[in-house]
Amino acid sequence: MDGVIVVTEEFSNPQVIELVHSDIPTVVIDYIFSNVSSIMSDNIHGEEELLDYVASMGHRRIAFIHGENTDVTKKRLSGFSQGMQKYNLTINPKYILQGKFHDPKSSGKATKLLLSLNPRPTCIFYPDDISLFGGITALSEAGLSIPDDISVVGYDGASISRIYRPEITTYVQDSQQLGQLAAQCLISQIDDPYFPLIPHFVTGHVQFGGTVKKLN
């Protein structure tokens, strides 16, 4: 093969580490190695922008269900924390729970734990738009309406977030730009062995949707 693009992998995998230290031109998405090109979705900025919007809607008791312990999760938690600090909001440790990416079942379980708290959060952040649907199911089973009784936000901007009603409030990653930039960097690396191996960051935008209620 002439080159490899690595997407959604466990980057501590010995085979991945062997690959990035080989002579094969390699581009990695959403992780930084010093010796290959990295294309990064700006997860810190994205989560902070979501928090900006939720806080501007009057929410103060905000919960965060995150994915597995990956570099993406660490960056999103960092963005969430920075946003909370900006508004002088205290992070309640009981409001921070681990789920799994793209796993509605684990997010549903975490949602039920959050609903058992007193006081419960007024808004819940989910690891991604697919996981959010596990939360929607748990909230529906509890007899709660979105956003009248509780607000929710996702991440990624999956197409289903625009089909569901109310439209989901989420952060839309520019997946097309991520893919195009990864391909361009890999081709440049193949053509030019001295191509600079610097991280490239891609920003997205908040899809405001209708799943966050404005509080007084």
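In this predicted model, strand β4 pairs with strand β5, which spans residues 96–98. Three bridges join the two strands, and they run parallel. Within this pairing, Ile-65 stands opposite Leu-97 of β5. Strand β4 also pairs with strand β6, residues 123–125. Here, too, three bridges are found, and β4 and β6 run parallel. Ile-62 faces this partner, standing opposite Cys-123 in β6.

Strand β4 itself covers residues 62–66 and is mostly covered. Five of its five residues are buried. The burial extends to both faces of the strand. One side carries Ile-62, Phe-64 and His-66. The other side carries Ala-63 and Ile-65.

The link from β4 to β5 involves a helix. Helix α3, residues 71–86, joins with β4 and β5 in a β-α-β unit. This unit is right-handed.

Helix α3 also packs against a second helix. Two packed helices are described by the angle between their axes and the distance between the axes. Helix α2 spans residues 43–56, and its axis comes within 7 Å of that of α3. The two axes cross at roughly 40 degrees. Angles under 35 degrees would count as roughly parallel, and those of 65 to 115 as roughly perpendicular. Helices α2 and α3 are therefore oblique to each other. Their crossing is right-handed. On the α2 side, the contact is made by Asn-43, Ile-44, Glu-47, Glu-48, Leu-51 and Asp-52. On the α3 side, the contact residues include Val-72, Lys-75, Arg-76, Phe-80 and Met-84. Two glycines, Gly-79 and Gly-83, are also among the α3 residues in this contact.

Methods
Residues numbered from 1 in each chain as written. Predicted model: local features only at pLDDT ≥ 70, side-chain atom pairs only at ≥ 80, totals over all residues. Heavy atoms only, no water. Buried < 20%, exposed > 50% of the residue type's maximum accessible area, 1.4 Å probe, protein only. Helix = DSSP H or I, 4+ residues; strand = E, 2+ residues; numbered from the N terminus. Pairing = 2+ DSSP bridges. Right-handed = clockwise from strand over helix to strand, strands pointing away. Axes fitted to C-alpha atoms, helices over the stretch in contact; angles between N-to-C directions. Parallel < 35°, antiparallel > 145°, perpendicular 65-115°, else oblique. Left-handed = near helix turned anticlockwise from the far one by under 90°. Contact = heavy atoms within 4.5 Å.
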